Amino acid sequence: MKSPWRFIALLVGAFVFLFPFYYMLVGSLQAEPDSSVGGAFPNPGNLTLHNYQEINAAINLGKSLLNSGIFTGGVILGTLVFGVLAGYALARLQFRGRGTVFNLMLLVQVIPFQLLTIPLYVLIVRSYGLADSYLGMILPFAINSTAVFVFRQYFLQLPQELFDAARIDGAGELSILWRVAVPLVKPALLTGVLLTFIGPWNEFLWPFLITKQQGLQPLAVSLSNYITTVSARAANPFGAVLAGACVLAAPAVALFVIFQRRFISSSLESGVKG
């Protein structure tokens, strides 16, 4: 029989984890802001959708969400395409310096992105002229070394006989990758999508630096601009900001709820495989 104290401890932990989300949702619905503890249990008469209308009028939630979707979708596409190609090459192709390339890829993972922002900004804005463009936002994140590592580990687990048989039949490497390897690592593709989504969806620093036109800014950047420039003139800036935060968090929460089992199994697999 399981100890009831363990259940109580898990229940308390779940409450502590979920309470900020609950408070954010309740705060976004309050007509009159109440930042006290009592604000967590508002009067039903004080609940309204006016804050969502106000933030939408200020930053155009639909357009900002579309920008976030294009940015995130482009990053995910680049991560899958380049991650699969690089992972396959490091796992199944024999070439001089393969180990060195793999070690350098692992080394890149320990370099904070903030250290690269200035050279990346100079390269993409001044050299390539990609300021205020979706491509300029996507390029620095299009290749994900973590995804390359994950795909490499999956490809290494496939039997060598499959690849040898395909080569004997005259298949080229791209044909082997597309027809043999990729269908066998579909779980890795889903894992790559799930693990990649959160980063670009919540990314603020790079889109903030690269975009000046409001019509191209993702929701995270639009919310920051709203807080610094417009919120002081709003009737309920506290509620409007929370409303925007709820909209920003909703897709990530929905993705986690829908693919909860996949998130858990991905974490377990990464822990077992090392």
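## Val221 and its surroundings

Let's start with one residue: Val221 sits in helix α12 (residues 219-230). Helices here are DSSP runs of H or I with at least four residues, strands are runs of E with at least two, and both are numbered from the N terminus. This is a predicted model, in which local features need pLDDT of at least 70 and side-chain atom pairs count only at pLDDT 80 or more, while totals for chains, interfaces and linings use all residues. Residues are numbered from 1 along each chain as its sequence is written, and side-chain values use heavy atoms, leaving out hydrogens and water.

With a relative accessible area of 0%, Val221 is buried. Buried means under 20% relative accessible area, exposed means over 50%, and partly exposed lies in between (1.4 Å probe, protein chains only). Leaving aside residues up to four places away in sequence, Val221 touches Phe204, Pro207 and Phe208, where contact means heavy atoms within 4.5 Å. From Val221 to Trp206 the C-alpha distance is 9.5 Å, with their positions 15 residues apart in sequence.

## The chain as a whole

The chain has 14 helices and zero strands. Its C-alpha trace spans about 75 × 65 × 30 Å along the principal axes. Of the 274 residues, 36% are buried.

Among contacts with a separation of 6 or more, 72% join residues 24 or more positions apart. The chain exposes about 15,900 Å², and carbon and sulfur atoms supply 70% of that area; accessible areas come from the Shrake-Rupley method with a 1.4 Å probe, and for residues only the protein chains shown count as cover.

## Two helix pairs

Two packed helices are described by the angle between their axes and the distance between the axes. Helix α2 (residues 50-59) and helix α3 (residues 61-92) cross at roughly 70 degrees, and their axes come within 7 Å. Axes are lines fitted to C-alpha atoms, for helices over the stretch in contact, with angles from 0 to 180 degrees between N-to-C directions. The pair α2 and α3 is therefore roughly perpendicular; angles of 65 to 115 degrees earn that label, under 35 is roughly parallel, over 145 is roughly antiparallel, and the rest are oblique. Tyr52, Ile55, Asn56 and Ile59 of α2 meet Leu61, Gly62 and Ser64 of α3. By class, this contact of α2 with α3 has four nonpolar, three polar and no charged residues (Ala, Val, Leu, Ile, Met, Phe, Trp, Tyr, Cys and Pro count as nonpolar, Asp, Glu, Lys and Arg as charged, and the others, Gly among them, as polar).

Helix α10 (residues 186-202) packs with helix α13 (residues 237-258) at an angle of about 175 degrees, their axes 11 Å apart. These two helices, α10 and α13, are therefore roughly antiparallel. On the α10 side Leu194, Phe197, Ile198, Trp201 and Asn202 take part, meeting Leu248, Pro251, Ala252 and Leu255 in α13. The contact of α10 with α13 divides into eight nonpolar residues, one polar and no charged.

## Aromatic pairs

A search of the whole structure finds 12 aromatic pairs. Rings of Phe, Tyr and Trp (its six-membered ring) pair if their centres lie within 6.5 Å; planes under 30 degrees apart are stacked, over 60 edge-to-face, and the rest tilted. Phe19 and Tyr22 form a tilted pair, 6.2 Å centre to centre with 45 degrees between the planes. Both residues belong to one aromatic cluster, formed by Phe15, Phe19, Tyr22 and Tyr23. Phe19 is partly exposed at 28% relative accessible area, and Tyr22 is partly exposed at 37%.

Tyr88 and Phe155 have ring centres 5.7 Å apart and planes at 90 degrees, so this pair is edge-to-face. Because Tyr88 lies in helix α3 and Phe155 in helix α7 (residues 145-156), the pair ties together parts that are 67 residues apart in sequence. Tyr88 and Phe155 are both buried.
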